[in-house]
Protein chains: 2
Amino acid sequence: MTRVHDLTCRLQKDNGSKIVLLVADGVGGLPLDPGGKTELETANTPNLDALATDGVTGGSIPVLPGITVGSGPGHLGLFGYDPLEYDIGRGVLEALGIDFDLGPDDVAIRGNFCTIDTDGNISDRRAGRIASEIGESLCQKLDAIEIPDVEVFVRPVKEYRLVIVFRGKGLGGRVNDTDPQNTGVPPLEPVGQDDPSRRTAGICSEFLRQAGEILADDAPANLLTMRGIAMLPQIPRFEDVYGLNPAAIAVYPMYRGLARLVHMNVLDAGATLETQMDRLEAAWDDHDFFFVHFKYTDSTGEDGDFDGKVTRIEQLDAAVPRITALGPEVLIVTGDHSTPSKMKSHSWHPVPTLITSNLCRTDAATSYGEAECVTGGLGQFQAQHLMLLALAHAGRLEKYGA
Amino acid sequence: MTRVHDLTCRLQKDNGSKIVLLVADGVGGLPLDPGGKTELETANTPNLDALATDGVTGGSIPVLPGITVGSGPGHLGLFGYDPLEYDIGRGVLEALGIDFDLGPDDVAIRGNFCTIDTDGNISDRRAGRIASEIGESLCQKLDAIEIPDVEVFVRPVKEYRLVIVFRGKGLGGRVNDTDPQNTGVPPLEPVGQDDPSRRTAGICSEFLRQAGEILADDAPANLLTMRGIAMLPQIPRFEDVYGLNPAAIAVYPMYRGLARLVHMNVLDAGATLETQMDRLEAAWDDHDFFFVHFKYTDSTGEDGDFDGKVTRIEQLDAAVPRITALGPEVLIVTGDHSTPSKMKSHSWHPVPTLITSNLCRTDAATSYGEAECVTGGLGQFQAQHLMLLALAHAGRLEKYGA
């Protein structure tokens with residue numbers, strides 16, 4: 001257990017207060033030209049600006065300065081889990097991303113359909129990027145594979161990508177990728193690094209043998225490679241470490257999966273920000289912590305769509321009054337990382353963050369934006385400490401030591 | 001040894017410079033209304049403001065963001081010791097608070113006089129909150145208890161609260177509380193978790209047996225429970241880790257005790273800030289580090305007395321010229337934590353901190369207050385690193401590496 005959770009386990013108290021963590025994925029950005037405004041600074045956000053004025057602001061560093069994170073470690077950090085301690089394997093993340101309900105006995109694997117030639121060498125590592133419908137029908141065929149003592153699940157992701165899950169007792173996740181990262185050579189043999197993982201490796205081999213027979217006539221997708229073989233990390237329950245009964249309200253499977261990873265209650269959120277707000281209102285009395293996830297600030301950033309990201313930020317801003325009307329003791333607005341549309345990718349830049357509560361030591365910020373947050377009262381802090389600040393501002397932590 | 005002390009042990013050098021650490025207990029605060037001024041910002045503090053102007057400012061985080069500390073961990077942090085590594089048990093702190101000179105072989109216990117009924121069950125965990133004079137006379141009786149091979153000390157604290165110390169070789173501090181935290185049940189048996197602690201548990205049992213006989217006719221205080229059974233943590237000597245000959249000038253026993261914990265020389269400080277300043281002047285040539293503790297910024301905060309805290313801050317400000325007249329190479333003004341009168345309690349908010357020395361990289365701050373310190377040149381830093389900054393500004397640290 002980390003020092004943070006050791007403390008929260010010892011100091012937590014329940015005073016009935018409610019906390020909302022509103023995550024605008026990838027919200028931080030950059031100006032297109034030096035000296036210009038970021039997406040957040042360009043957007044017209046009267047509601048978020050009012051929160052910044054009444055609250056306290058700062059910059060969240062997902063892991064360490066300069067380290068750009070993916071969604072997995074980004075969210076783990078926001079949930080107060082050390083992203084360097086709890087490693088989420090690629091196979092696990094891929095399974096979470098298609099809403100697969102992984103259990104503690106499951107080994108999850110990212111698969112890539114590939115093409116092998118008559119000598120058994122890989123000639124195309126992505127099987128000509130087959131259409132998603134073809135991938136789906138092939139997955140249906142592979143889903144029929146039977147292996148003694150384990151359940152086998154094969155699910156399509158997109159195009160040549162798939163997820164394989166083995167469910168059974170005594171499996172391990174320390175098995176190498178079979179993708180040789182090259183063509184003209186055969187796939188690698190799966191090898192386990194310990195006894196449970198050797199068992200997994202044997203199952204992988206048997207699966208690949210049967211898959212080869214089933215797919216023999218399906219060129220270009222006449223085999224598959226395996227990557228990111230992994231099991232769920234053992235993560236303390238959010239409810240145990242914080243004494244909060246948490247609910248996750250997210251539209252996208254990946255974020256529901258990340259919430260499930262820390263054992264949040266994942267609510268049906270519908271498909272829009274409006275249905276998310278409906279759900280938040282309906283569930284208000286049943287939980288005391290709400291993780292609300294908004295995806296489109298990230299996806300517009302990834303697309304390099306500066307104006308689109310501005311529009312999405314304004315859409316989010318318009319939803320804020322529905323949250324504040326519920327009267328949470330603490331409302332936090334932040335992101336899991338920055339996604340500057342200028343970079344079309346995630347970045348390491350600190351994430352503009354605000355906390356409102358009647359116990360804030362307010363700062364000079366009068367708007368929610370990168371430049372204001374730099375001089376905010378929270379300074380720059382590790383995302384992993386945000387939950388401590390959330391609990392403190394909610395009056396949910398006892399004093400440490402006398 | 002922590003990384004901080006590993007460094008200071010390696011890099012320390014003595015250049016004859018002097019450092020004053022002026023701790024205004026609980027100095028940080030909050031405005032009563034959002035957007036208003038804090039206690040420190042309200043107070044008229046020309047001397048502290050001059051220091052802030054000439055020096056460098058920042059915010060000290062006692063342990064971690066969001067964590068509110070008690071006086072024990074708060075001061076350990078200021079002295080450069082990791083408060084999460086060195087845990088001060090409740091019994092130890094209680095003994096320090098009555099100026100009991102604890103030694104390395106002592107087990108300290110917080111006692112509560114209680115009432116037990118004829119069945120041996122606790123009917124009142126605080127013995128009707130007996131008057132302090134009654135508690136004192138009962139402690140005198142218990143102080144006569146004799147147990148082979150250990151010295152027994154029983155001292156009153158206040159009302160139903162007392163301190164028990166066992167002094168002897170081979171004792172341990174890992175013994176449970178005997179207070180069941182409930183009435184209608186008997187006290188718990190003391191149980192040790194290792195051999196030395198089982199020895200302590202046996203002594204506790206014998207002490208409680210004799211106490212039961214002695215107090216049989218003293219209802220409502222006809223027994224006592226034991227809590228926070230603990231020994232002094234093994235803490236490296238301040239003088240060793242920093243190469244400083246330290247003096248503590250504190251009016252209240254608790255803070256003298258905390259200074260003694262890190263092996264400072266505890267000087268007689270009298271009862272007022274004036275007598276503390278007298279002592280500082282008198283002892284100036286004999287030491288090169290002075291910890292000066294001012295209590296009333298905390299106690300007024302705890303009382304919710306905003307105006308009283310402002311007055312106490314102004315009182316402290318008036319004493320500053322007597323310190324600066326001595327010409328310390330480094331003068332630091334900070335607190336062990338914040339105590340906003342709005343909250344009537346300690347809080348997690350960063351502590352306004354200033355350092356003056358002729359090696360400061362000064363910042364824009366022109367007054368000593370929360371808002372100024374937020375944008376100060378020290379940024380927000382862990383209290384545990386303050387001693388590094390003190391030594392650096394005093395020219396007392398060699399370069400790390402070539």
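Mentor: A warm welcome! Two strands pair if DSSP finds at least two bridges between them, and strands (E, at least two residues) and helices (H or I, at least four) are DSSP runs numbered from the N terminus. This is a predicted model, in which local features need pLDDT of at least 70, side-chain atom pairs count only at pLDDT 80 or more, and totals for chains, interfaces and linings use all residues. Residues are numbered from 1 along each chain as its sequence is written, while chains are lettered from A and ligands numbered from 1 in the order in which they are written.

Trainee: How many bridges join β1 of chain B to β10 of chain B?

Mentor: Strand β1 covers residues 19–24 of chain B and strand β10 covers residues 289–294. One bridge sets B:Ala24 opposite B:Phe294 of β10(B). The two strands run parallel, and the number of bridges is six.

Trainee: Which strands stand at the edges of the sheet in chain B?

Mentor: The sheet is open, has eight strands with mixed pairing, and follows the order β9-β8-β10-β1-β11-β12-β2-β13. Two of its strands each have a single partner strand, so one side of each is left without a neighbour in the sheet. They are β9 (265–266) and β13 (379–382) of chain B.

Trainee: Thanks! Which element of chain A gives the most to the side that touches chain B?

Mentor: Residues are in contact if their C-beta atoms, placed from the backbone, lie within 7 Å, and this contact takes 23 residues from chain A and 29 from chain B. On the chain A side, α1 (3–11), β13 (379–382) and α14 (386–393) give two or more residues. The one that gives the most, with four residues, is α14(A).

Trainee: What kind of axis relates chain A to chain B?

Mentor: Copies are superposed by least squares on the C-alpha atoms of residues with pLDDT of at least 70 in both. A turn of 126° and a shift of 0.1 Å along the axis lay chain A on chain B with an RMSD of 0.1 Å. That is the relation of a three-fold axis.

Trainee: And in chain A, which residue has the C-alpha nearest the axis?

Mentor: The C-alpha in question lies 3.4 Å from the axis. It belongs to A:Thr375.

Trainee: Which helix gives the most to the side of domain 1 that touches domain 2 in chain A?

Mentor: Domain bounds come from an automatic or database assignment, which here gives domain 1 (3–86 + 235–393) and domain 2 (92–231) of chain A. Their centres, taken over C-alpha atoms, are 35 Å apart. Seven residues of domain 1 are in contact with five residues of domain 2. Six residues on the domain 1 side come from helix α9 (residues 253–261).

Methods:
Two residues are in contact if their C-beta atoms, placed from the backbone, lie within 7 Å.
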